[in-house]
Amino acid sequence: MELRRVLVGLMPGLERLLGYRRDWLRPDLLAGLTVAAYLVPQCMAYAEVAGLAPITGLWAILPPLLLYALLGSSPQLSVGPESTTAVMTAAAIGPLAAGDPVAYAGLSSLLALLVGLVCCAGAWSRLGFLADLLSRPILVGYLGGVALIMIGGQLGRICGLSLEASSIPGQLREVAGRLGEIHGPTLLLALGVLAFLLLVQRRFPRAPGPLLAVLLAMAVVAAAHLEQRGVAVIGAIPAGLPHPTLPQAPAPPQLRYLLTAAVGIALVGYSDNVLTARAFAARGGYRIDANRELLALGALNLGTGLLQGFPVSSSGSRTAIGDSLGSRSQLFSLTAFVVVLAVLLWLRPLLALFPTAALGAIVIYAALRLIDIPEFLRLHRFRPSEFRLALITLAGVLLTDLLTGVGVAVGLSVIDLFARLVRPHDAVMGRVPQLAGLHDVNDWEGARTIPGLVLFRFDAPLCFANAEHFRQRVLETVAAEPQPVAWFVLNAEAIVEIDITAADVLEELHRELTARGITFGMVRVKQDLYAQLERAGLVERIGERLFFPTLPTAIAAFQGRATPAPTP
């Protein structure tokens with residue numbers, strides 16, 4: 001029992017596998033087979049997105065499927081190559097490799113190792129909370145920008161052209177200027193695969209559309225001998241499995257650049273990991289461990305880096321497929337692992353006829369699923385500022401490189417949070433006819449304040465960033481009252497703590513109001529806040545009798561005028 005407890009502590013996924021229930025077996029096996037059918041062409045396509053040979057995608061999926069089943073805290077998350085980290089890998093490695101495929105492969109596996117080390121260091125430092133820096137609008141806009149970059153990167157492949165431009169506007173201009181060079185059979189095949197995938201998604205959402213597309217594309221190529229008419233195919237795939245290899249260390253400037261890129265990829269990859277895991281955990285009624293997810297992501301990238309892969313994360317689409325088929329444990333990932341091994345060992349000749357244009361169509365199909373138009377509309381309905389934040393992030397990703405886009409996304413999230421903290425909502429509370437309690441007088445028609453009493457609520461922690469704004473709002477509120485103010489009572493229910501700057505501002509405000517003959521009191525002060533006010537000497541200056549537990553007791557004290565105003 002002691003050994004089992006130690007193993008479960010080190011490998012939380014093992015606990016669910018050891019306690020496996022027989023009624024989970026059928027849905028887990030079905031989910032694993034279906035997810036494998038989906039991920040084989042998808043991972044090959046993502047390897048192309050990352051700038052690597054398609055077979056690298058299958059190599060890169062092996063360690064994640066095996067390691068996450070033991071180390072991950074989610075029984076449903078599907079991990080491995082995915083679109084965002086693939087695009088970011090291409091953006092980071094492309095300028096360094098200078099077109100050398102051997103150097104490119106080595107740098108990509110080194111980047112995966114660095115991402116793994118960054119994630120492990122973050123887990124050791126318990127930095128799982130960093131994923132919360134990426135708000136929902138930021139993620140929606142970021143993924144939309146990544147999707148457009150993915151689509152632009154496939155234009156040459158589906159048209160049978162070799163494009164030199166790297167930006168979306170440049171790629172569109174280049175394709176428009178070379179319309180006469182477009183290879184007709186390649187374009188028709190790609191459009192057919194894309195139309196087939198969209199049709200299957202619409203009519204048969206649970207069907208393994210990418211697998212069917214792969215089989216259909218290979219059948220068309222073989223039947224019409226399209227490879228002889230200029231349609232590019234994958235060709236011969238290396239036999240066997242990858243062997244563990246440590247990539248060569250580059251020059252220090254390149255290593256620093258790769259480490260910077262690894263931090264960005266780790267942040268985005270982990271955010272995707274933990275958000276997807278949380279979403280399915282909420283649906284499934286279980287919980288995940290954010291720091292454990294960060295450690296698991298680190299182990300996955302270390303594993304794939306040692307096996308000549310590239311940075312990996314989680315896949316929302318594959319997780320959704322498994323969930324729709326009733327996956328209950330990571331046995332579905334282990335099943336997919338066995339299928340991928342079979343493909344690599346015995347089914348390689350079938351994949352040799354797979355056209356690269358069809359891979360491009362699968363990438364575009366995956367990209368279109370990342371552009372969440374309904375979510376953009378929901379953001380606009382909920383709050384226009386959140387919608388604008390998503391659009392700004394999307395534009396930042398498109399107008400800069402992806403790594404800069406990560407910085408823009410995080411920066412915008414922090415700025416948006418800070419803006420709400422610096423200028424939070426506040427309210428003057430009063431009575432509403434035929435409605436119990438006290439409410440914001442601006443929210444209700446007919447609401448009235450109690451003459452001579454200002455009950456002021458500040459809806460945020462009080463700190464250096466908003467202390468002066470708080471003081472100004474209090475003075476403006478007192479000045480705006482139609483009748484002379486005798487008492488000012490601060491409702492502190494949202495103020496969980498203060499810093500020394502805020503304490504000084506409270507003392508100054510108390511002094512200003514007292515000088516005007518206004519009694520200053522506080523209500524609904526939590527014990528932690530009260531202790532801070534006591535240490536700052538404010539409890540003594542304000543007077544213990546002017547701290548009230550509830551709003552009714554504060555009103556009763558005001559109406560009874562039992563407590564005299566303190567002297568300034």
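**A tour from helix 20 outward**

Start by selecting R473 and E476: both lie in helix 20, three residues apart, about one turn of the helix. This is a predicted model. Show the two side chains, which meet in a salt bridge of 3.0 Å, N to O. E476 is partly exposed, with a relative accessible area of 44%. R473 also counts as partly exposed, at 24%.

Keep R473 and add D426. Their side chains form a salt bridge too, at 2.9 Å from N to O. R473 belongs to helix 20 and D426 to strand 3, so this pair ties together parts that are 47 residues apart in sequence. D426 is buried, at 12% relative accessible area.

Now select the sheet. It is open, with six strands in the order 4-3-5-6-7-8 and mixed pairing. Strand 4 (435–440) and strand 8 (547–548) stand at the edges with a single partner strand each, so one side of each has no neighbour in the sheet.

Next, pick strand 5, residues 453–458. Is it mostly covered or mostly uncovered? Mostly covered: six of its six residues are buried. L453, L455 and R457 point one way, while V454, F456 and F458 point the other.

Look at the neighbours of strand 5. Strand 3 (residues 426–432) pairs with strand 5 in the antiparallel sense, over four bridges. Find A427 there; R457 is its bridge partner in strand 5. Strand 6 runs parallel to strand 5, and five bridges join them. Here F456 stands opposite L490 of strand 6. Trace the chain from strand 5 through helix 20 (residues 467–480) to strand 6: this β-α-β crossover is right-handed.

Move on to strand 6 (residues 487–491) and strand 7 (residues 519–523). They run parallel, joined by five bridges. Select N491 and you can find its bridge partner, V523, in strand 7. Then add helix 21, residues 500–515. Helix 21 packs on the sheet and touches strand 6 and strand 7. Its direction makes about 135° with that of strand 7.

Leave the sheet and select E174, R178 and E181. A network of salt bridges links them. Between R178 and E181, the closest N and O atoms are 3.0 Å apart. E181 counts as partly exposed, at 47% relative accessibility. Across the whole structure, a search finds 13 salt bridges.

Last stop: cysteines. How many disulfides does a search of the whole structure find? Zero. Select C159, which is buried at 6% relative accessible area. Then try C463, also buried, at 14%.

Conventions
Residues are numbered from 1 along each chain as its sequence is written. This is a predicted model: local features need pLDDT of at least 70, side-chain atom pairs count only at pLDDT 80 or more; totals for chains, interfaces and linings use all residues. Side-chain values use heavy atoms; hydrogens and water are left out. Two strands pair if DSSP finds at least two bridges between them. Helices (H or I, at least four residues) and strands (E, at least two) are DSSP runs, numbered from the N terminus. Contact means heavy atoms within 4.5 Å. Axes are lines fitted to C-alpha atoms, for helices over the stretch in contact, and angles run from 0 to 180 degrees between N-to-C directions. Buried means under 20% relative accessible area, exposed over 50%, partly exposed in between (1.4 Å probe, protein chains only). A crossover is right-handed if, with the strands pointing away from the viewer, the path from the first strand over the helix to the second runs clockwise. A disulfide is a pair of cysteine sulfur atoms within 2.5 Å. A salt bridge is a side-chain nitrogen of Lys or Arg within 4 Å of a carboxyl oxygen of Asp or Glu.
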